[in-house]
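Take a look at the model below. Keep the sequence at hand while reading.

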Amino acid sequence: MAIKEDVESDLQEGIRAPLMRVENNLADGGSSIGGNPWMVYLSTFVAVCGSYEFGCCAGYSSPTQSAIREDLSLSLAEYSVFGSILTFGAMIGAITIGPITDLLGRKGALRVSSAFCVAGWLAIYFSKEAWSLDIGRLANGYGMGAFSYVVPVFIAEIAPKNLRGRLTAINQLMICCGVSVSFILGVLVSWRALALIGLIPCAVNIFGLFFIPESPRWLAKKGRHKEFKVALQKLRGKDADVSHEAEEIQDYIETLDRLPKAKLLDLFQRRYSRSVIIGVGLMVCQQFGGINGVCFYVSDIFDQAGFSSSIGTITYAILQVVVTGIGAAVMDKAGRKPLILVSASGVVLGCLLTAVSFFLKVHELALTATPILAVTGILVYIGSFSIGMGAVPWVVMSEIFPINIKGQAGSLATLVNWFGAWLCSYTFNYLMSWSSYGTFILYAAINALAILFVILMVPETKGRTLEQIQGAINK
C-alpha cells in the first residue's frame, strides 16, 4: 500500500505543473480571441430550464398538500411518503446520471432528465390513487437528481472563463425561482393544473437542445475532434480564434487521463479523510437542519401557526429568490466560512423564533403574537439559509477534493445530501405531530452543532488555488 501511494504521489507531482498551468489558463478568462457569446447565453438558458424544473419539483408538495389529501383522501402517512419519495428518486438520479452523462453526452443526459420529469408530471396529473402519485413523484425525483448533476457540469464546460462564475450562479438562482413560482402558483391554481405547468420547462429544455451544441470537452474526451472544434467555434462565435483554447482543453483532458482512477475505498485513506469529512459533514449540516421539511410543508406550517398560508408562502417565495441572488453576489467578497457561519446563526434564530410561536400556541399564551412570531421565524430561517447554507456547501465541496478522487467523493457527498433531504422531508410531519415546538428546537440544536463543525473543521477557501486548498487539507 505504501509503495502504491508513493507511485501515485510521484505521478501526481510529475503532472502537477502542466495541470496547474492548464487549470489556471482555463480559469482566468476566455482564451478565444474575439467572438460573440450569444450561443453560450442561449445554451445556458436551455440548461437552466432544468434547474428551474428542479425547483418546480421541489416546491410542488407544499402548496398542494391540503388539496391533494382532500381530493384523494390521503392519510398523513400517505402524503408524507408522497412528499419524501421525491428525494429518494433524486438519490437514484444523482448516482446514475454520471455514467449516463459520460455515455450519451451532456445533451443526452439533459434529455433523459427531462423525460423522467415529463413522465412524472403526467402520472401525477392523471392520478386517482396514492400509488400513482408516488410513481409520478419518484420519476420527478429522478429527473431532479439528474438535473442537479448535469446542469452545472454542462454550464461549466461550455462557458468561457470570464463568464463561468456568473453563469454557474444562475443554476442556484433558477432552482429558487422554480420553488418560489410553484409556491405562488400553487395558491392560485389546482394541484392538477400545477402539474401540467411543470411540463413547460421540460418542453423548453427538450426543444432548445436541438439548437445548441454539445459540450466541447465531452466531445474531446470521446475523441470526436472535428465535432469538438465545430462546437467550440459555435460557442465562441464564428469570428473567434479558438485554436489556443482548443489546445488547452485537449492538453487538460490528456492530463486528467494520466491520473490514477480512484475507487470508492480510496476515499477512506488517511490522506483524504479530512476533505471527505468536510465535504460530507457540510452536506449533513445543510440537510439535517430541517430545510426540506420547511420547504416542502411551509404552507402547512403557517396554517398550524394561525397565519395566512397564502400570504406567508408568497412572501417566503419572494424572499428566497432575492436573498439567494444577494448571497451569490457577495460570496467571493465575504468568503465561504464567514458566510456560512452567519447563515447558520440566522437559521438557529429562525428555528428558535418558530419554536417559541408554537410553544405559545400550544399553551394558549399570547395568541395574538403567535402568527407574527411564526412567520418571522420562518422568514428569518429561509433568508438565512438562502444566503449561505444553501450554496456554500456545494462550492466548498467542489474546491476541497483532489481531482483524482473528485468524482467518487462528489458522488458520496451528493448521496449523503439527498439521503438527508429524504429523511428530513419524510420525518417532518411525524415530528410536527409529536411536538411542533420540539421539532424546531431539535433543528436549532442541529444547526448550532453545524456552527461548531464549521468553526473547527472547515477552512476558508477564498482567494486560494485548488492546489493550495487541497494541499493544506490533504496533508
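What follows moves from the overall fold to the core, then to single helices and residues.

This is a predicted model. The protein has 21 helices and zero strands. Of its 475 residues, 55% are buried. Take the contacts between residues at least 6 apart in sequence: 83% of them join residues at least 24 apart. The accessible surface comes to about 19,700 Å². Carbon and sulfur atoms account for 67% of that surface.

Now go inside. The largest nonpolar core holds 108 residues. Within this core, Tyr60, Ile68, Tyr316 and Phe440 touch the most other members. Helix α4, residues 76–125, supplies the largest share, with 12 residues. Another core lies apart from it and has 11 residues. Trp218, Ala231, Ala240 and Ile253 are among them.

Phe440 is worth a stop. Neighbours up to four places away in sequence are left out here. Phe440 then touches Val294, Ile301, Cys351, Thr354 and Ala355, among others. Its list of contacts also includes Phe358, Ile378, Phe428 and Met432. One of these partners, Cys351, is buried, with a relative accessible area of 0%.

The cysteines raise a question. How many disulfides does a search of the whole structure find? It finds zero. Cys117 shows the point. The closest cysteine sulfur to that of Cys117 is in Cys57, 4.2 Å away. A disulfide needs the two sulfur atoms within 2.5 Å, so the sulfur of Cys117 is too far from that of Cys57 for a bond. Cys117 is also buried, at a relative accessible area of 0%.

Next, helix α3, residues 61–72. α3 has 12 residues, but its end C-alpha atoms are only 14 Å apart. A straight helix would reach 16 Å at 1.5 Å a residue, and α3 falls short of that. Its buried residues include Ser61, Ser62, Pro63 and Thr64. Gln65, Ile68 and Leu72 are buried in α3 too. Ile68 appeared above as one of the residues that touch the most other members of the largest core.

Ser73 follows α3. Ser73 sits in the loop between α3 and α4. Most residues other than glycine have a negative phi. Ser73 has a positive phi of about 55° although it is not a glycine. Is Ser73 buried or exposed? Its relative accessibility is 61%, so Ser73 counts as exposed.

Ser182 belongs to helix α6, residues 164–188. Its relative accessibility is 5%, and Ser182 therefore counts as buried. Which residues does Ser182 touch, not counting residues up to four places away in sequence? They are Gly55, Cys56, Gly59, Tyr60, Pro63 and Leu194. Two of these have come up already: Tyr60 as a well-connected core member, and Pro63 as a buried residue of α3. The side chain of Ser182 also reaches the backbone oxygen of Gly178 at 3.0 Å.

Two helices can be compared with their expected spans. Helix α12, residues 270–288, has 19 residues. From first C-alpha to last, α12 reaches 26 Å, close to the 27 Å expected at 1.5 Å a residue. Just after α12, Gly290 takes a positive phi of about 100°. Helix α17, residues 370–389, has 20 residues. α17 reaches 27 Å, close to the 28 Å expected.

α17 is mostly covered, with 15 of its 20 residues buried. Ser384 is found in this helix. At 13% relative accessibility, Ser384 counts as buried. Leaving out residues up to four places away in sequence, Ser384 touches Ser343, Gly346, Val347 and Met389. Ile378, a contact of Phe440, also falls within residues 370–389 of α17.

The last stop is Glu460. Its place is in the loop between α20 (436–457) and α21 (466–473). Glu460 is partly exposed, with a relative accessible area of 24%. Where does its side chain reach the backbone nitrogen of another residue? It does so at Lys337, at 2.9 Å. Apart from neighbours within four places in sequence, Glu460 is in contact with Gly335, Arg336, Lys337 and Pro338. Glu460 and Pro338 are 122 residues apart along the chain, yet their C-alpha atoms are separated by 8.4 Å.

Conventions: Residues numbered from 1 in each chain as written. Predicted model: local features only at pLDDT ≥ 70, side-chain atom pairs only at ≥ 80, totals over all residues. Heavy atoms only, no water. Core = buried A, V, L, I, M, F, W, Y, C linked by side-chain atoms within 4.5 Å. Buried < 20%, exposed > 50% of the residue type's maximum accessible area, 1.4 Å probe, protein only. Helix = DSSP H or I, 4+ residues; strand = E, 2+ residues; numbered from the N terminus. Contact = heavy atoms within 4.5 Å. Areas by Shrake-Rupley, 256 points an atom, 1.4 Å probe, with all protein chains shown as cover. Expected span 1.5 Å × (residues − 1). Polar contact = N/O pair within 3.5 Å; in protein donor to acceptor, adjacent residues only side chain to side chain.
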